[in-house]
Amino acid sequence: MNGSIDVDTLSGMAPLRVATFSLGSNLGDRLEYLQGATNALRATPGLRITGISSVYETTPVGLADQPDFLNLVVVTESTLASIVMLERALAIEDAYARVRTVHWGPRTVDVDLIAVGDRVLDGKDLTLPHPRAHERAFVLVPWLEVDPDAVLVGHGRVADLVAGLDASGVRRTDLRVE
């Protein structure tokens with residue numbers, strides 16, 4: 001069977017999977033952008049939010065000469081195909097005028113699909129799990145907070161991954177997204 005098919009072969013119904021999204025913003029009203037993106041995920045048919053991490057202020061990765069980010073992780077349950085979840089994430093970014101002119105550059109909002117259950121995909125448009133999630137403290141620290149038993153397929157327990165990273169650039173705030 002082709003590993004890219006996203007359907008339960010016995011029943012023909014899409015299985016319910018845990019999907020993890022990482023959200024970030026470092027331009028404009030960062031908290032408002034994160035709230036709006038979370039609201040848009042919440043409004044997505046077939047996607048139910050089961051957990052939202054605290055908001056973390058984080059040092060930029062890649063391109064250091066830019067404002068600090070606010071980041072959080074949203075954990076969901078969904079029957080949607082992985083590619084549909086990616087398309088939704090990209091639509092949310094578009095709705096908030098995300099511009100992709102500088103690689104790892106500043107952005108109004110970034111919505112990354114990190115993992116969908118134990119799915120492993122290496123496609124033209126979608127790679128699961130996210131190819132750099134295992135080395136990104138700004139993803140793993142909030143994820144660990146909201147799901148202490150989380151496992152990043154192919155890399156192990158999120159708690160173990162966090163223990164092996166320098167997380168000094170990830171600072172929990174008192175800010176909240178509902």
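Begin the tour by selecting threonine 58 and phenylalanine 69: in strand S4, phenylalanine 69 is the bridge partner of threonine 58. The model on display is a predicted one.

**Stop 1: strand S4 and its partners**

Extend the selection to the whole of S4, residues 69–78. Nine of the ten residues of S4 are buried, so the strand is largely enclosed by the rest of the structure. Three pairings may be displayed in turn. Strand S3, residues 56–58, pairs with S4 in the antiparallel sense over three bridges; the pair at threonine 58 and phenylalanine 69 was the starting point. Strand S2, residues 47–52, is likewise antiparallel to S4, with five bridges between the two. To find the register of S2, select isoleucine 52, which stands opposite valine 74 in S4. Finally, S1 and S4 pair over nine bridges, again in the antiparallel sense. Here the residues to select are glycine 24 and asparagine 71 of S4, which stand opposite each other.

**Stop 2: asparagine 26**

Select asparagine 26 next, in the loop that leads from strand S1 (17–25) to helix H1 (30–42). Is this loop residue buried or exposed? Asparagine 26 is buried, its relative accessible area being 3%; the cut-off for buried is under 20%.

Which residues are in contact with asparagine 26, leaving aside its neighbours within four places in sequence? They are Gln66, Pro67, Asp68, Phe69, Pro106 and Arg107. Phe69 also belongs to the bridge pair at which the tour began. A distance label between the C-alpha atoms of asparagine 26 and aspartate 68 should read 5.9 Å, although 42 residues separate the two in sequence.

Two polar contacts deserve to be drawn. The side chain of asparagine 26 meets that of glutamine 66 in a polar contact of 2.9 Å. A polar atom of the asparagine 26 side chain also lies 2.8 Å from the backbone nitrogen of arginine 107.

**Stop 3: helix H1**

Proceed along the chain to H1. The helix has 13 residues, and its first and last C-alpha atoms are 18 Å apart, close to the 18 Å expected at 1.5 Å a residue. Colour its buried residues: Leu34, Gln35, Gly36, Ala37, Thr38, Ala40 and Leu41. To see what covers them, display elements including S1, S2, S4, H2 and S5.

**Stop 4: helix H2 and the loop after it**

Select H2, residues 82–95. At 1.5 Å a residue, the 14 residues of this helix should span 20 Å, and its end C-alpha atoms are indeed 20 Å apart. Its buried residues are Ser82, Met85, Leu86, Ala89, Ile92 and Glu93. With the view directed down the helix axis, these buried residues fall within an arc of 120°, so they line one face of H2. The face turned away from that buried side carries the exposed residues Asp94 and Ala95.

Beyond the helix, select alanine 97, which follows H2 and has a positive phi, near 60°. Most residues other than glycine have a negative phi.

Continue to threonine 108, in the loop between H2 and strand S5 (110–116). Threonine 108 is buried, with a relative accessible area of 12%. A polar atom of its side chain lies 2.6 Å from the backbone oxygen of tyrosine 96.

**Stop 5: proline 129 and helix H3**

Move to proline 129, in the loop between strand S7 (127–128) and helix H3 (137–146). The peptide bond joining leucine 128 and proline 129 is cis, with omega about -10°. Most peptide bonds are trans.

Then select H3 itself, a helix that is mostly covered: seven of its ten residues are buried. These are Ala137, Phe138, Val139, Leu140, Val141, Pro142 and Trp143.

**Last stop: the whole chain**

Clear the selection and show the full model. The protein has four helices and ten strands. From the N terminus on, the elements run β-α-β-β-β-α-β-β-β-α-β-β-α-β. Of its 178 residues, 46% count as buried. Which share of the contacts between residues at least 6 apart in sequence joins residues at least 24 apart? The share is 69%. With a surface displayed, the protein exposes about 8900 Å², of which carbon and sulfur atoms supply 54%.

Terms used. Residues numbered from 1 in each chain as written. Predicted model: local features only at pLDDT ≥ 70, side-chain atom pairs only at ≥ 80, totals over all residues. Heavy atoms only, no water. Expected span 1.5 Å × (residues − 1). Buried < 20%, exposed > 50% of the residue type's maximum accessible area, 1.4 Å probe, protein only. Arc of directions from axis to C-beta. Contact = heavy atoms within 4.5 Å. Areas by Shrake-Rupley, 256 points an atom, 1.4 Å probe, with all protein chains shown as cover. Polar contact = N/O pair within 3.5 Å; in protein donor to acceptor, adjacent residues only side chain to side chain. Pairing = 2+ DSSP bridges.
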